Amino acid sequence: MKRRKFIKNASLTGIGLSVSASVLACDKNTSKTKHLTTVSTTPSLPLVIATWNVPNATAKAWHILENGGSALDAVEQGCMVEEADVNNTSVGKGGLPDRDGHVTLDACIMDKHGNCGSVVCLENITHAVSVARNVMEKTPHVMLAGKGAEQFAYEQGFKKENLLTEASKKAWEDWKIKSEYKPIINIENHDTIGMLAIDKNGDISGACTTSGLAYKMHGRVGDSPIIGSGLYVDNEVGACVATGLGEEVVKTVGSFLVVELMRQGKSPQEACEEAISRIVNKPNSNYKNFQVGYIAVNKQGETGSYAIHQWFSMTKYQNNNNDNIQATFYLKDK
Ligand code: SD4
């Protein structure tokens, strides 16, 4: 049974506090009995977080983690759930096309060793995140694009599929009547999926997969497959993944920034907030017209999420709870 709750964001939400107050102990030196209060704030592992409300994806990842699987397998297979879901029009099969009617996918993955793989502008293959993993594991490269990525996928045994569903085709045809290109804030409940996991060994991996912005120019690539922008993992520090208007994330190398801020001592929540402030505080930033959201986790398992606008959320599976957590947001804090 899936359990979905709606929780106000707090960076330590879901942490399994093991508190044993007033433990009696005998001090050998003084022979006095002391009351010791031991408070462990170590969050319980494993855990997985993902952008937006994607309980089926986090449940899949959790199942792998709970059975001792790796964070890498968890994030790949978690993302695959959304890629296969034709009702998610921002990811994989059923994704909304570019303005010429092509569904083009961007995805990347990064493991505990800092290895990474990515595909950009990939067509006709549902599981872009798995092709990215193959790029990471089976090629000397980090990124493959377009036809080259597609050819590589077929060589690895991926099958050719038409990703443009009737529903997405109809939406595109309706859009063409006005052909007005304008990214819409929080356009749908599901969106680009970015997923970060820590497995039972305490190792971190992350992945990100998207069909990008609907009705983008043919060939446009966003932040999601760009290591450091859409996703960054440093197994010593933590990880971050982004969603929203990719151009703005790329300009600030957002996910790498969040991880570096955590390295300098910021909590995941503080780091996400700082990365958003870099975007909104640019001279002439028109941030009121676009959304960017970050989620992050540190090595200790603390998590954070923050966005420019309301209604960004994070799904978090930890301690057998699969929760949807509303992110705090910049425009409220103003
Ligand atoms: C992109 N960041 O292609 C992706 C799209 C996205 O919420 O995340 N939408 O720019």
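This report walks through a predicted model of one protein, from its overall make-up to its strands, cores and cysteines.

**Overall picture**

The protein has 334 residues, and 56% of them are buried. DSSP-style bookkeeping gives nine helices and 16 strands. Of the contacts with a separation of 6 or more, 65% link residues that sit 24 or more positions apart.

How confident is the predictor? The average pLDDT is 88, and 86% of the residues score at least 70. The start of the chain is another story: over residues 1-40, pLDDT stays under 50. The model still has 81 contacts beyond four places in sequence for that stretch. Where pLDDT is low, the predicted coordinates should not be read in detail.

**Strand β9 and its partners**

Let's start with β9, which covers residues 204-210. Seven of its seven residues are buried, so β9 is largely enclosed by the rest of the structure. You can see this on both faces of the strand: Ile204, Gly206, Cys208 and Thr210 are buried on one side, and Ser205, Ala207 and Thr209 are buried on the other.

Strand β8 (residues 193-198) pairs with β9 in the antiparallel sense, over six bridges. Within that pairing, Gly194 has Cys208 of β9 as its bridge partner. The two strands make a hairpin with five residues between them, and Gly202 in the turn has a positive phi of about 85°. Strand β5 (residues 105-110) also pairs with β9, again antiparallel, over five bridges. Here Ile109 stands opposite Ala207.

**The five-strand sheet**

Further along the chain there is an open sheet with the order β10-β11-β12-β13-β16 and mixed pairing. Which strands stand at the edges? They are β10 and β16 (328-329), each with a single partner strand, so one side of each is left without a neighbour in the sheet.

Here are three of the pairings, with one bridge pair from each.

| Strand pair | Sense | Bridges | Example bridge pair |
|---|---|---|---|
| β10 (residues 231-234) and β11 | antiparallel | four | Asp234 and Gly238 |
| β11 and β12 (residues 292-298) | antiparallel | seven | Gly238 and Asn298 |
| β13 (residues 303-307) and β16 | parallel | two | Ala307 and Phe329 |

Gly238 is worth a look on screen, as Gly238 is the bridge partner of Asp234 and is also paired with Asn298 in β12. β10 and β11 form a hairpin with three residues between them. Strand β11 itself (residues 238-244) is mostly covered, with six of its seven residues buried.

**Two nonpolar cores**

The largest nonpolar core has 47 residues. Those with the most contacts inside this core are Leu196, Val258, Ile276, Val292, Tyr294 and Ile308. Helix α8 (residues 268-280) is the top contributor, giving six residues. There is also a second, separate core of 39 residues, which includes Val54, Ile109, Val119 and Val131.

What does Val258 touch? Setting aside neighbours within four places in sequence, Val258 is in contact with Cys240, Ala271, Cys272, Ala275, Tyr294 and Ala296.

**Helix α5**

Helix α5 spans residues 166-178, and its buried residues are Ser168, Trp172 and Trp175. Looking down the axis of α5, these fall within an arc of 60°, so they line one face of the helix. On the other side, Glu166, Ala167 and Ile177 are exposed. Just after α5 comes Ser179, which takes a positive phi of about 50°.

**Cysteines**

If you're wondering about disulfides, the structure holds zero. Cys116, for instance, is in no disulfide; the nearest cysteine sulfur belongs to Cys108 and is 7.8 Å away. Cys116 counts as buried, at 13% relative accessibility.

Why is Cys240 not bonded to Cys272? The sulfur of Cys240 is 5.1 Å from that of Cys272, its closest cysteine sulfur, and this is too far for a bond, because a disulfide needs the two sulfur atoms within 2.5 Å. Cys240 counts as buried too, at 0% relative accessibility. Both Cys240 and Cys272 turn up in the list of residues that contact Val258.

Conventions: Residues numbered from 1 in each chain as written. Predicted model: local features only at pLDDT ≥ 70, side-chain atom pairs only at ≥ 80, totals over all residues. Heavy atoms only, no water. Core = buried A, V, L, I, M, F, W, Y, C linked by side-chain atoms within 4.5 Å. Buried < 20%, exposed > 50% of the residue type's maximum accessible area, 1.4 Å probe, protein only. Contact = heavy atoms within 4.5 Å. pLDDT = per-residue confidence, 0-100. Arc of directions from axis to C-beta. Pairing = 2+ DSSP bridges.
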